[in-house]
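Please open the model in your viewer and keep the selection tool at hand, since this tour moves from one place to the next and says what to select at each stop.

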Amino acid sequence: MAEENKKRIAIFGSTGSIGTQALQVIEANAELFEVEILTAQNNDVLLIEQALKFRPNAVVIGDETKYEAVKAALGSTDIKVFAGENALVEAADFDTYDMMLAAIVGFAGLKPTLKAIDKGKAIALANKETLVVAGDIVMQRALENKVPIIPVDSEHSAIFQCLIGELRNPIEKVILTASGGPFLGKKPNYLVNVKKHHALQHPNWKMGPKITIDSATLMNKGLEMIEAKWLFNLHPDQIQVLIHPQSIIHSMVQFEDGSIKAQMGLPDMKLPIQYALAFPHRLANESPRVDFKRVNVLGFEEPDTKTFRNLTLAAQALAKGGNLPCVLNAANEMAVWAFLHNRIGFLDMTAVVEQTMDHITYIEKPNLEEYFESDGEARNFAASLIKI
Ligand code: NAD
Ligand code: MG
């Protein structure tokens with residue numbers, strides 16, 4: 001394919017787990033993709049290495065104190081270097097890319113993603129928090145700008161794939177599968193003593209620290225319920241969570257005739273990443289295949305919502321809507337940060353989220369400004385609980 005036909009990808013959060021795997025996909029399919037923008041928050045060393053290898057038009061380093069180092073290291077190239085939070089939004093406003101891979105973690109991903117949508121750019125969405133915080137506004141703007149939002153999250157990619165060819169067929173429900181994380185089957189008397197190194201060991205997936213903790217507390221699945229609501233326009237009753245420890249079925253869709261479609265594969269984020277980048281095409285690869293003679297049991301069980309109460313809190317936020325999912329997300333980001341810095345215990349994370357949800361004033365139909373305010377208020381209140 002000619003150079004000018006390559007899809008130009010802007011990777012926001014290129015130094016993270018999703019970002020680095022996306023670069024592997026791009027490297028393996030260099031005839032299809034080229035890298036236009038790379039961004040990182042702190043990891044200047046990896047950002048420089050990636051930039052020298054993939055030669056983007058521009059890079060952004062979030063931490064402004066690292067600007068000089070990045071600028072100097074790329075001085076012999078014509079790669080433009082920017083720094084700071086605003087530069088992320090300015091880079092999202094560039095004309096020169098075709099698709100944004102939104103792979104920043106947390107609320108920080110919202111503004112650049114909204115800017116890309118307003119600019120009419122296709123979005124490959126890994127950053128689920130964007131939809132949790134302001135899903136109504138994000139989806140509305142995507143509709144107005146005719147922007148496709150293609151999920152990268154494996155469960156939502158699975159649902160998206162199951163829906164191909166089903167345009168006119170209503171969904172009865174979606175079944176979001178969850179591995180259960182490292183503490184499947186454990187009770188509060190065990191969880192109370194869990195330490196960070198233990199919680200950071202996920203059985204099936206290697207991911208960034210925040211989502212790994214969210215997977216251990218099941219908040220990740222709660223966030224994914226809210227993400228599914230916005231992506232697929234679902235009512236809360238249509239979203240079921242099912243524990244499936246092998247992570248072979250990535251999620252399922254049940255239609256009105258009772259027929260269920262499942263999307264399966266080995267747990268490997270490169271698959272949903274490459275599906276989103278290349279949609280509607282599938283790219284051949286050499287990754288290992290499922291061998292059903294070896295994976296001969298696919299297990300399913302109900303989630304233990306009495307122990308993993310984050311799921312209940314997220315279901316409440318999902319049902320009530322308004323600014324509550326935004327508040328849940330902000331409190332959770334603070335709580336996970338505090339747990340990762342040994343400030344609070346494993347079960348305290350849920351308490352911080354619950355108390356913050358109880359405290360912040362409910363707004364039924366917030367505008368974007370009110371979402372930002374709710375996020376800030378929730379962070380301040382959660383910080384007061386954590387005493388930071
Ligand atoms: P990560 O922590 O490994 O990487 C995060 C990236 O975002 C890094 O490049 C970092 O520099 C950047 N970043 C962090 N804070 C920032 C800030 N304040 N401003 C700007 N940039 C910032 O995270 P990850 O595991 O790659 O996850 C990224 C997103 O994808 C998350 O929303 C996560 O929920 C979602 N996701 C990840 C996986 C996975 O397998 N890792 C799977 C599904 C969904
Ligand atoms: Mg997921």
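Begin with the second largest pocket of this predicted model, which has a volume of about 630 Å³. To find its centre, select Met 139, Trp 230, Leu 231, Phe 232 and Asn 233, which are the closest to that centre among the 22 residues that line the pocket. Next, colour the elements α6 (129-144), β7 (149-151) and α11 (219-232), each of which gives two or more residues to the lining of this pocket. Within that lining, α6 makes the greatest contribution, with 5 residues. If you then colour the lining of the second largest pocket by class, you should find 15 nonpolar, 3 polar and 4 charged residues.

Now turn to ligand 1 and display the 23 residues around it, of which Thr 15, Ser 17, Gln 41, Glu 129 and Gly 208 come nearest. Zoom in on Thr 15, where a polar side-chain atom lies 2.8 Å from an oxygen atom of ligand 1. Then show the backbone as well, because two further polar contacts begin there: a backbone N or O atom of Gly 13 lies 3.3 Å from an oxygen atom of the ligand, and a polar backbone atom of Gln 41 is 2.8 Å from an oxygen atom of ligand 1. Taken alone, ligand 1 exposes 830 Å², and the protein buries 86% of that.

As a last selection, pick out α1 (17-28) and α10 (209-217), the elements that give two or more residues to the shell around ligand 1. Coloured by class, the residues of this shell divide into 12 nonpolar, 8 polar and 3 charged.

Key
Residues numbered from 1 in each chain as written. Chains lettered and ligands numbered in written order. Predicted model: local features only at pLDDT ≥ 70, side-chain atom pairs only at ≥ 80, totals over all residues. Heavy atoms only, no water. 1 Å grid on protein atoms, 1.4 Å probe; cavity = no way out; pocket = protein on both sides within 12 Å on 5 of 7 lines; lining within 4 Å. Points joined across faces, edges and corners; volume = space filled by probe spheres on them. Helix = DSSP H or I, 4+ residues; strand = E, 2+ residues; numbered from the N terminus. Nonpolar A, V, L, I, M, F, W, Y, C, P; charged D, E, K, R; others polar. Near = heavy atom within 4 Å. Polar contact = N/O pair within 3.5 Å; in protein donor to acceptor, adjacent residues only side chain to side chain. Areas by Shrake-Rupley, 256 points an atom, 1.4 Å probe, with all protein chains shown as cover.
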